[in-house]
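Biologist: Take me through the hollows of this model, please. I'd like a close look at what lines them, and at any sheet that shares elements with those walls.

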Amino acid sequence: MTGNAPMNLAALPGVHEVLEQAPLTAARARVDHALLVAEIRSHLERCREALAAGQRTEVPAAAAVAEAVAAAVDSWDRPALQPVINLTGTLLHTNLGRAPLSAEAVEAVARAAAGANIEYDLSSGRRGDRDHLVEGLLRRLTGAEAATVVNNNAAAVYLALNTLANRRRVVVSRGELVEIGGSFRMPDIVRKSGCRLVEVGTTNRTHLGDYRRALEEGGRLLLKVHTSNYRVVGFTREVSVGELAALGRELDVPVMVDLGSGALMDLARWGLEGEPLVAETLAAGADVVTFSGDKLLGGPQAGIVLGRSRAIARIKRNPMKRALRCGKLTLAALEATLRAYLSPETLAERLPAYRMIARGLDDLDALAGEIAPHVERWAEGRARVELIDGDSQVGSGALPGAALPTRLIALTPLEGSPSGLARELRALSPPVIGRVHSGKVLLDLRGLLGPEALIRALEQSG
Ligand SMILES: *Cc1c(COP(=O)(O)O)cnc(C)c1O
């Protein structure tokens, strides 16, 4: 501690002196008194600590403290969760909310928000089942006998494993022990759901005989995991759902498949091959299938579990279902999203995820023509602007090898770093998120659903 610290500390303005200062006039009228006083106290406390540590030598005046507090209080009103313009080139970006909802889904959410028959049977006037809101659609679209919905796919996997194989052995190929974005690791989820993990095969090759041996040694569930975010290529062998289902039937052991993305539509028409379909997986004999609502399904964050009625009925009776269930806003969005699949021909118009995947380069060129003058005006004196070719990714671990041709607006800073330029774009309203690559900020136009919000953001900042 420095010698003059006690004198400085004593000279700090008092809470009430700060409160009476002009910069806080508006805040005094608007903000709860106790909250405002607490904020002033914590500012003064930080000043005191900085003085005591010698990080600060001047005692701030009451007006200066009031100004800092007023700025902090102003930020309380600014929403932390903001809409963003995702031009990263990762279309379903996990950190940016994955699939954008369709207009119909957004309307459904707004309608349900005021209150809705989430667990109420309108004909009998009795308590209903929230799964029934979407179960009919899910059955029709996938051929499943029954379905239930929880908060996300991690919850779906957990709940299904815990129901079907608590305290028992779950057999998984070593080639499928996947990690999804840091906190979801298949071996951890299997253990946390109360199951004993039995790894079979090797990283690159697993044979039907490996599974058979594990079942003969006491395995009680066959689990197949779609290796969403990577591919094993070269000298490989994996056992298909059909082969596992035949083995499961022979030895009376159920087969569960975690599909991750859970595509309902064949993406081959847009040049994306190799994503297994939910209906196909069920038809191949899987007893239970799980997948996300906000990946290739194009809906809200949710986890969908579907398959044979007996297995789904048991899953629904698991007390943990209550802890993992989703709310009315999610179910409203999911129902509206699923309904779009009833007319596949209009899917790419209705679901933004598919609009982004399906759009052609001519569409992107037209978009580029529309926004280029605005980007150039914004970038004047800051960056050189050019239109270049590139590839977009689907994202969210779907189709890791697939690249969709795209157009990028590339900004090369005239001075300073590209990350500084990227920060300026993030400071726009709404924030514009690009990616930095070899000295440039790249704005991928495939993710731009309409030009208006971007133009507005660029114009406002001048
Ligand atoms: C994405 C994914 C998950 C986790 O799904 P969330 O909806 O993010 O919880 C689980 N398994 C696989 C194979 C996935 O691809």
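Modeller: A word on labels before the tour: helices (H or I, at least four residues) and strands (E, at least two) are DSSP runs, numbered from the N terminus. The model is predicted, so to speak of a local feature I need pLDDT of at least 70, and 80 or more for side-chain atom pairs, while totals for chains, interfaces and linings take in all residues. Residue numbers start from 1 along each chain as its sequence is written, and side-chain values use heavy atoms, with hydrogens and water left out.

Let's start with the largest pocket (an open set of points on a 1 Å grid over the protein atoms alone, with protein on both sides within 12 Å along at least five of seven lines). About 1,400 Å³ of space lies in there (the space filled by probe spheres set on the points, which are joined across faces, edges and corners). Its lining runs to 48 residues, and nearest the centre you'll find His93, Leu96, Gly97, Arg98 and Ala99. Lining here means having an atom within 4 Å of a point. Strand E1 (85–86), helix H8 (153–165), strand E10 (255–260) and helix H20 (452–461) each chip in at least two lining residues. Sorted by class, that wall comes out as 22 nonpolar, 21 polar and 5 charged residues (nonpolar is Ala, Val, Leu, Ile, Met, Phe, Trp, Tyr, Cys and Pro; charged is Asp, Glu, Lys and Arg; the others, Gly among them, are polar).

The second largest pocket has a volume of about 490 Å³. Of its 28 lining residues, Glu176, Lys224, His226, Thr227 and Glu238 sit closest to the centre. Strand E9 (219–225), E10 and helix H12 (278–283) are the elements that give two or more residues to this wall. So E10 turns up again, having also supplied the lining of the largest pocket. By class, you get 10 nonpolar, 12 polar and 6 charged residues here.

Then there's a closed space. The structure holds 1 cavity of 30 Å³ or more (points where a 1.4 Å probe fits but cannot get out), and about 30 Å³ of space lies in it. Val375, Trp378, Leu411, Leu425, Val432, Leu443, Leu454 and Leu458 line the cavity, with H18 and H20 as the elements that give two or more residues. That lining is 8 nonpolar, no polar and no charged residues.

H18 takes us on to a sheet. Helix H18 (residues 361–379) lies across E13 and strand E14 (404–413), at about 10 degrees to E14. Angles run from 0 to 180 degrees between N-to-C directions of lines fitted to C-alpha atoms, for helices over the stretch in contact, contact being heavy atoms within 4.5 Å. Helix H19 (residues 418–426) packs on the sheet too, touching E13, E14, E16 and E17, and makes about 40 degrees with E17.

The sheet itself is open, with 4 strands in the order E13-E14-E17-E16 and antiparallel pairing (at least two DSSP bridges between two strands). Strand E13 (383–392) and strand E16 (435–437) are at the edges with a single partner strand each, so one side of each has no neighbour in the sheet. Direction ignored, neighbouring strands are turned by 35 degrees against each other on average. At the E16 edge, 3 bridges join E16 to strand E17 (residues 440–444), running antiparallel; there Val436 has Val441 of E17 as its bridge partner.
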